[in-house]
Amino acid sequence: MAAGAVSAQSDGGSAEDFPTKQMTYIIPFNAGGESDLSARFQQAEWEAVTGHPVVIQYQPGAGGAQAWSQLNQIAGDGYTIMGINLPHTVLQPMEGSVGYETDDLTPVNYFHYTPDAIFVPQDSQFETLEDLVTYAGENPGLVTFAGSGSNSSNNLAQAKFDGLADITTTYIPFSGTGPSITAVLGGQTMAGFNYATSGVNQGEELRMLAVAAEERLPAFPDVPTFTELGYDLVGGAYRGVAVPDSTPEELRQRVSDIVTEINERPDFIEKMETNGFVLTDIGYGDMDAFLEEMKAEYAEGAEALGIGG
């Protein structure tokens, strides 16, 4: 910790003055996904808030684990930050050795989540969620859901929905959001448990039956929430910013404050909501309590999926 504090002082004065130069923002996935898109929206506001730009770099591999396993090797001077995702960083270590443990990581702010949602092609026989539930009840296992990855937020949502609706469906994992949506559009699966943001990208080609948000999304005012329809399902993939564990407390808080300030800027809010993201403000001061809550929730979901032991 002392070494990090010295580095911070020599590299740009006090945390109050931070930053004094360009920063680097590592995204642990390929360009083009939700993590990249939301970081790009932040990037557009970064210099206005801090006085200095941020450069985005990509370090994809192993569903984010490659980058997260190397996070603590980076200097903790605040000038290199990394995107971080839930439930990935809870479920990955539960599945096996991925080079890091959940508690090794230091998230400082979760600034949005992408709600899970059920999609079908526009020509689907399922006009409503109840149409799908009725069919699945009469035909156990025949309703197939494409989703982004095994043991992901999409997979957890599908498993929980099966329990809530007392149905049995089949989840088919794909390597990412793009391939899973392609599978839905191409009829490889009957439906998709995907992220709500896909509804923006696909327009009229897909029909969203329900979204796992607390309230209807501004981008999709006509799409009901699962809660409205009688299913207690709210959740998705949370995305935030993490720093190396050697980063001093005052710099952790400063980076968190920068992210919070960007979250309050009107242009950023409009871009995020228009693209189907739900803004949150889970700052560094609230992080411990938030993570304990989420770890307990994901542990319950992991048990249903047979993860861990």
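**Opening fact.** The structure holds 2 cavities of 30 Å³ or more. A cavity is a set of points, on a 1 Å grid over the protein atoms alone, where a 1.4 Å probe fits but cannot get out. Grid points are joined across faces, edges and corners, and a volume is the space filled by probe spheres set on the points.

This is a predicted model: local features need pLDDT of at least 70, side-chain atom pairs count only at pLDDT 80 or more, and totals for chains, interfaces and linings use all residues. Residues are numbered from 1 along each chain as its sequence is written, and side-chain values use heavy atoms, with hydrogens and water left out.

**Exercise 1. Describe the largest cavity and its lining.**

Step 1. Take the volume. The largest cavity has about 50 Å³.

Step 2. List the lining residues (those with an atom within 4 Å of a point). They are Tyr 25, Ile 27, Ser 35, Ser 38, Gly 83, Ile 84, Asn 85, Phe 111, Arg 239 and Gly 240.

Step 3. Sort them by class. Ala, Val, Leu, Ile, Met, Phe, Trp, Tyr, Cys and Pro count as nonpolar, Asp, Glu, Lys and Arg as charged, and the others, Gly among them, as polar. The lining of the largest cavity then has 4 nonpolar, 5 polar and 1 charged residues.

Step 4. Assign elements. Helices (H or I, at least four residues) and strands (E, at least two) are DSSP runs, numbered from the N terminus. β1 (23–27), α2, β3 (80–86) and β9 each supply at least two residues of this lining. β3 gives the most, with 3 residues.

**Exercise 2. Place strand β1 among its neighbours.**

Step 1. Check burial. Buried means under 20% relative accessible area, exposed over 50%, partly exposed in between (1.4 Å probe, protein chains only). In β1, 5 of the 5 residues are buried, so the strand is largely enclosed by the rest of the structure.

Step 2. Look at each face. Met 23, Tyr 25 and Ile 27 are buried on one side of β1, and Thr 24 and Ile 26 on the other.

Step 3. Find the partners. Two strands pair if DSSP finds at least two bridges between them. β1 runs parallel to β2 (residues 54–58), with 5 bridges. Ile 27 stands opposite Tyr 58 there. β1 also runs parallel to β3, joined by 3 bridges. Tyr 25 has Ile 81 of β3 as its bridge partner.

Step 4. Add the helix. β1, α2 and β2 make a right-handed β-α-β unit. Right-handed means that, with the strands pointing away from the viewer, the path from the first strand over the helix to the second runs clockwise.

**Exercise 3. Follow α2 to Thr 50.**

Step 1. Locate the residue. Thr 50 belongs to helix α2.

Step 2. Judge burial. Thr 50 counts as buried because its relative accessibility is 10%.

Step 3. Find its contact. The Thr 50 side chain reaches the backbone oxygen of His 52 at 2.8 Å.

**Exercise 4. Find the partners of β7 and check its burial.**

Step 1. Count buried residues. In β7 (residues 191–195), 5 of the 5 are buried, so the strand is largely enclosed by the rest of the structure.

Step 2. Take the antiparallel partner. β4 pairs with β7 in this sense over 4 bridges. Ala 117 has Asn 194 of β7 as its bridge partner.

Step 3. Take the parallel partner. β5 (residues 144–148) is joined to β7 by 2 bridges. Phe 145 has Ala 191 of β7 as its bridge partner.

Step 4. Look at the loop between α7 and β7. Met 190 lies in this loop. Met 190 counts as partly exposed because its relative accessibility is 24%.

**Exercise 5. Compare the two largest pockets by lining.**

Step 1. Define the term. A pocket is an open set of points with protein on both sides within 12 Å along at least five of seven lines.

Step 2. Describe the largest pocket. Its volume is about 930 Å³. It has 44 lining residues, and Phe 29, Ser 148, Ser 175, Gly 176 and Thr 177 are the closest to its centre. α7 gives the most to this lining, with 6 residues. By class there are 14 nonpolar, 26 polar and 4 charged residues.

Step 3. Describe the second largest pocket. About 530 Å³ of space lies there. Its lining has 23 residues, with Lys 160, Leu 233, Val 234, Glu 297 and Tyr 298 nearest its centre. α11 supplies the largest share, 8 residues. By class there are 12 nonpolar, 4 polar and 7 charged residues.

Methods. Polar contact = N/O pair within 3.5 Å; in protein donor to acceptor, adjacent residues only side chain to side chain.
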